[in-house]
Amino acid sequence: MIPIDRMRRPTAFALAATLILLVVPPAQAEMPPQKQTIEITVFGNDPCPQSDDPEEIVVCARLPEGDRFRIPKRFRDEKPEDAPAEMAWGSRVDTMNSITRFTRPNSCSVVGSGGQTGCTAAMLSQWFAERRAMKAAENEGKVP
């Protein structure tokens, strides 16, 4: 029979080795500190600000004074490629109606708050259509 202390030794050794590896950081090569770069847009004759930190680089882009309060060019006049140039208001309404039709009441859909209300109406109209078709078939057979 093996004593309990001998069984625990390998486990304790593995735990100690793991802790030592986690606590001791690996040796890293000395790297020079990275210089920080700051990009600033200035307008008109405004001076480009100077940095107090010698490890910091300031890059200035100069724009005309008239662009100071304008929306930046990257945000101006962006339209999707597939969007038409102009669209009538009525066409937009029709498009939105057709897109959201299945979420409205009486639509018989699991999507939307009132979709379930149309399921009974859809079943009834289907039943009435089948009934009319059966009566029409019966009447066609009885005609002399």
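**Entry 1: burial scale and model**

I call a residue buried under 20% relative accessible area, exposed over 50%, and partly exposed in between. By that scale Cys60, at 28% relative accessibility, counts as partly exposed. I note at the start that the structure I am reading is a predicted model. For the chain as a whole I looked up how much is buried, and buried residues make up 5% of its 144 residues.

**Entry 2: secondary structure**

I then listed the elements of the chain, which come to three helices and two strands. Read from the N terminus on, they run α-β-β-α-α. The strands I return to below are E1, at 36-43, and E2, at 56-63, and I also need helix H2, at 89-100.

**Entry 3: the disulfide**

How many disulfides does a search of the whole structure find? The search gives one, and I traced it to Cys48 and Cys60, whose sulfur atoms lie 1.6 Å apart. Cys48 lies in the loop between E1 and E2 while Cys60 belongs to strand E2 itself, so the bond ties together parts that are twelve residues apart in sequence. I also looked up the torsion about the S-S bond of Cys48 and Cys60, which is about 75 degrees, and I therefore record the disulfide as right-handed.

For the surroundings of Cys48 I took its relative accessible area, 24%, which makes this cysteine partly exposed, and I have already placed Cys60 in that class at 28%. One further distance from Cys48 went into the notebook: its C-alpha lies 8.3 Å from that of Val59, a residue eleven positions away in sequence.

**Entry 4: salt bridges**

My next lookup was for salt bridges, and the count comes to two. In one of them Arg68 pairs with Asp46, with 2.7 Å between the closest N and O atoms. Arg68 sits in the loop between E2 and H2, and Asp46 in the loop between E1 and E2, so this contact ties together parts 22 residues apart in sequence. The side chain of Arg68 also meets that of Glu65 in a salt bridge, again listed at 2.7 Å from N to O. Which residues end up in one network? Through shared partners, the salt bridges join Asp46, Glu65 and Arg68.

I checked accessibility for each member of that network. Arg68 has a relative accessible area of 28% and is partly exposed; Asp46, at 28%, counts as partly exposed; and Glu65, with 43%, is partly exposed as well.

**Entry 5: the aromatic pair**

I searched the whole structure for aromatic pairs and one came up. The partners are Trp127 and Phe128, with 4.9 Å from centre to centre and 70 degrees between the planes, an edge-to-face arrangement. A cut-off matters for that label, since I call a pair edge-to-face when its planes are over 60 degrees apart. On the burial scale Trp127 comes out partly exposed at 44% relative accessible area, and Phe128 counts as partly exposed at 39%.

**Entry 6: the largest pocket**

Last, I looked at open space. Rolling a probe the size of a water molecule over the atoms shows where empty space is left. The volume of the largest pocket is about 170 Å³. I wrote down its lining, which consists of Thr41, Phe43, Leu63, Asp67, Arg70, Pro72, Lys73, Arg74 and Arg76. What does that lining look like by class? Sorted this way, the largest pocket has five charged, three nonpolar and one polar residue in its lining.

Note on methods. Residues numbered from 1 in each chain as written. Predicted model: local features only at pLDDT ≥ 70, side-chain atom pairs only at ≥ 80, totals over all residues. Heavy atoms only, no water. Disulfide = S-S within 2.5 Å. Helix = DSSP H or I, 4+ residues; strand = E, 2+ residues; numbered from the N terminus. Buried < 20%, exposed > 50% of the residue type's maximum accessible area, 1.4 Å probe, protein only. 1 Å grid on protein atoms, 1.4 Å probe; cavity = no way out; pocket = protein on both sides within 12 Å on 5 of 7 lines; lining within 4 Å. Points joined across faces, edges and corners; volume = space filled by probe spheres on them. Nonpolar A, V, L, I, M, F, W, Y, C, P; charged D, E, K, R; others polar. Salt bridge = Lys/Arg side-chain N within 4 Å of Asp/Glu carboxyl O. Phe/Tyr/Trp six-rings, centres within 6.5 Å; stacked < 30°, edge-to-face > 60°.
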